[in-house]
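Thanks for coming. I have one structure to show today, so let me put it on the screen.

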Amino acid sequence: DPDGAGSGGEEPTAPGTVHLVGSGPGDPDLMTVKAARLIESADVVLHDKLPGPEILGEIPEEKREDVGKRAGGEWTPQEYTNRRLVELAREGKSVVRLKGGDPFVFGRGGEEAEHLADAGIPFEVVPGVTSAIAGPAVAGIPVTHRDHASSVSFVTGHEDPTKAESAVDWDALAATGGTVVVLMGVGKLPAYTAELRDAGLAGDTPVALVERATWPEMRVATGTLDTIVDVRDEAGIEPPAITVIGDVAATRGRVVEFLRNADGRGEET
Ligand code: SAH
């Protein structure tokens with residue numbers, strides 16, 4: 001029992017603060033100044049793999065705790081992470097809970113905030129540059145565009161869209177006419193592209209996959225609603241990747257020749 005709670009007679013330690021910090025999409029230069037400062041001063045940094053090797057590699061081994069996938073390929077249960085955050089804070093530690101992108105975009109940051117509040121632990125949210133916007137951006141794709149998209153939806157591709165109680169209404173998304181950005185959407189790409197087509201979205205709607213956006217080995221693959229599954233398979237696109245669906249995805253083709261902001265990162269497939 002590392003926290004030694006219950007040993008009588010000691011001054012109760014004031015709980016440390018937990019910082020729910022977004023690390024951005026992976027390029028260390030896209031981390032906020034505040035995130036960098038908090039990582040520097042933290043006693044412990046709880047993280048998974050999503051912040052990426054460049055950012056994690058800069059954090060001293062002795063203050064890192066990996067709460068992502070374990071050796072056997074199993075995810076660390078969320079209850080363990082919740083418990084560990086509270087435990088460390090009650091030891092008076094300054095804790096950074098580091099999450100890829102923004103902590104409140106599909107990062108379970110909301111659940112952790114609720115758990116901390118229930119436990120009476122002070123916490124702070126440090127927003128990050130989400131891959132949902134930055135991924136398309138560094139590939140030359142604006143998620144909105146005056147001529148092409150007046151709205152953008154961020155959705156999870158993780159769940160099975162054919163299951164009866166699907167939380168994502170693909171029909172409604174198709175009807176918006178706006179951009180659809182899918183996170184965690186590599187595996188189920190065939191299912192939700194079919195859903196969108198069935199919902200009336202044209203087969204030639206442009207689609208782009210941005211794999212490891214802003215990482216040194218970033219790759220971009222482009223196609224249409226009809227072709228993108230084959231494109232994915234031929235290129236061997238794997239998570240983490242962002243799927244961008246909508247007319248804005250064609251912008252890449254018009255600007256890519258002059259697109260330099262990836263800074264040598266990235267390769268056309
Ligand atoms: N909180 C994160 C999202 C966590 S969900 C954020 O705001 O970015 C995990 C999903 O995020 C991945 O499956 C992938 O779809 C996306 N993702 C995160 N980082 C990425 C990156 N560098 N490149 C492409 N996709 C990324």
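I will go through the ligand site and then two points in the backbone.

This is a predicted model, in which local features need pLDDT of at least 70, side-chain atom pairs count only at pLDDT 80 or more, and totals for chains, interfaces and linings use all residues. Residues are numbered from 1 along each chain as its sequence is written, and side-chain values use heavy atoms, with hydrogens and water left out.

First, the surroundings of the ligand. There are 18 residues around the ligand, and those that come nearest are Pro 25, Val 105, Thr 130, Ser 131 and Ala 241; a residue counts as near if one of its heavy atoms lies within 4 Å. By type, the shell has 12 nonpolar, four polar and two charged residues. Here Ala, Val, Leu, Ile, Met, Phe, Trp, Tyr, Cys and Pro count as nonpolar, Asp, Glu, Lys and Arg as charged, and the others, Gly among them, as polar.

Next, the polar contacts, meaning pairs of N or O atoms within 3.5 Å. A backbone N or O atom of Val 105 is 2.7 Å from a ligand nitrogen. For Pro 25, a polar backbone atom is 2.8 Å from a nitrogen atom of the ligand. Trp 215 uses a polar side-chain atom, 3.3 Å from a ligand nitrogen.

Now the backbone. Which residues does a cis peptide bond join? They are Pro 239 and Pro 240, with omega about 0°. The other point is Phe 106, a residue other than glycine with a positive phi, near 45°.

Key. Polar contact = N/O pair within 3.5 Å; in protein donor to acceptor, adjacent residues only side chain to side chain.
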